[in-house]
Amino acid sequence: MKRMATRIPLYVLLIWGAVVASLIVFGTAKQPPLAPAITGPFAAIDDHDLPPLRRYRARDGAQLTFREYPGSGRQVAVLIHGSAGSSRDLHPLALALQAAGVNVLVPDLRGHGWNRPHGDIAYVGQLDDDLTDFIATQKPQFRTSEWTAVGFSSGGGFTLRIAAEASLGQDFDRYILISPYLRHNAPSVRGADSEAKRDLSDTAVRAQTWAAVSTGRIIGLTIINFLGVHIWDGLPVLGFPVPTDLDAATCTYSWRLLQNFGAHTDYLADIRRVDRPMRVFVGRSDELLDAEKLKIEFQTQRQDVPVVILPGLGHSDMVTRPEAIRAIVGAATADANASAPASASGASPSGFSSSSPGIPPSKPPAIPVSVL
């Protein structure tokens with residue numbers, strides 16, 4: 001009887017280990033079907049004048065890629081692409097900012113674009129370290145400039161993460177989040193198709209599934225992470241509905257990349273911690289986000305963070321359509337040359353012009369024909 005009693009914990013441990021191993025090995029999802037509503041606008045971009053790739057050295061010796069759009073003014077904008085994307089996706093927005101005199105830098109985040117391997121990083125926090133290294137390499141040529149971080153979709157969530165960090169967040173003077181994907185369980189993230197039919201007044205939009213989630217694998221990895229085991233964190237846990245034959249497209253994310261590319265787990269705390277001017281833009285017809293709920297998420301935490309909802313625009317439209325780009329460029333350039341506190345410059349608490357939030361000036365910056 002005593003021998004049987006001592007064996008029970010071993011049996012339980014073996015069964016538990018087998019269950020966790022099964023979750024990790026078999027708890028995967030199939031690659032999702034293509035999502036033309038999201039990828040179509042990017043495929044249609046005219047990139048004949050895309051700047052050549054440049055490289056900077058990260059702290060681990062990796063030579064990571066970025067593109068530069070030299071401007072005539074003293075502003076610098078760093079644009080952060082969305083999930084599965086690359087610097088090419090932000091070409092229309094970068095051109096418009098450049099036309100307005102802004103110096104634009106667009107990095108391909110590690111694991112994306114022309115950085116190999118795709119879909120993985122070495123540790124959670126490496127994207128933050130890479131951005132720190134990137135800023136350090138670029139600051140010397142823009143010593144007296146004002147810096148704006150502009151993030152789109154998951155890049156918007158990542159930009160919020162950066163804004164909330166004590167040290168790196170201070171490298172930028174202001175932040176613009178475009179259609180920010182905050183977290184998978186955020187109220188602003190749309191659910192099933194049936195949930196999306198009720199909420200838009202200007203057009204009927206069905207929710208779009210953007211990623212296939214390997215839920216079982218994530219559960220298994222979370223369990224072993226709790227025990228201090230991280231050896232399998234490089235396994236893919238997300239699949240994206242992007243063409244597999246595109247060199248710059250990232251088809252899957254590892255567990256550690258998923259945890260890093262976005263806001264922190266407590267994204268509401270991130271919003272509260274931001275101590276630099278911030279503005280949010282989102283399309284009312286966004287297939288992935290509920291614009292009104294996104295506005296509530298921000299303004300229940302910070303009344304001084306304006307959320308501008310643009311009618312009739314979908315998720316990817318916000319960085320490809322001229323009407324969205326005009327609004328973003330107008331906000332990015334408004335009062336950007338005034339480094340004095342808001343009370344001295346006449347700006348609103350958000351750090352942008354209070355007379356026309358989110359609306360471009362009467363003569364908006366010229367937008368190249370290629371993005372029309």
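Which strands does helix H4 (residues 126–138) lie across? The points below address this question and related features.

1. The model under discussion is predicted. In it, helix H4 lies across E1, E2, strand E3 (75–80), strand E4 (103–107) and strand E5 (146–152). The direction of helix H4 is at about 110° to E1.

2. The strands that helix H4 lies across belong to an open sheet of eight strands, in the order E1-E2-E4-E3-E5-E6-E10-E11. The pairing within this sheet is mixed. Strand E1 (54–57) and strand E11 (307–310) form the edges, each pairing on one side only. From one strand to the next, the twist averages 25°.

3. At the E1 edge, the partner is strand E2 (residues 63–69), to which E1 is joined by four bridges. These two strands run antiparallel. Within this pair, Arg54 stands opposite Phe66 in E2.

4. A separate topic is the surface. A nonpolar patch of about 1,300 Å² is made by Leu10, Tyr11, Leu13, Leu14, Ile15, Trp16, Val19, Phe226, Leu227, Val229, Ile231 and Trp232. Helix H1 (residues 2–26) contributes seven residues, the largest share of this patch.

5. Leu10 may serve as an example from the patch. This residue is found in helix H1. Is Leu10 buried, partly exposed or exposed? Leu10 counts as partly exposed because its relative accessibility is 47%, and partly exposed covers the range between under 20%, which is buried, and over 50%, which is exposed.

Terms used: Residues numbered from 1 in each chain as written. Predicted model: local features only at pLDDT ≥ 70, side-chain atom pairs only at ≥ 80, totals over all residues. Heavy atoms only, no water. Patch = residues over 30% accessible without salt bridge, like charges linked within 9 Å, V, L, I, M, F, W, Y side chains within 5 Å. Areas by Shrake-Rupley, 256 points an atom, 1.4 Å probe, with all protein chains shown as cover. Salt bridge = Lys/Arg side-chain N within 4 Å of Asp/Glu carboxyl O. Buried < 20%, exposed > 50% of the residue type's maximum accessible area, 1.4 Å probe, protein only. Pairing = 2+ DSSP bridges. Axes fitted to C-alpha atoms, helices over the stretch in contact; angles between N-to-C directions. Contact = heavy atoms within 4.5 Å.
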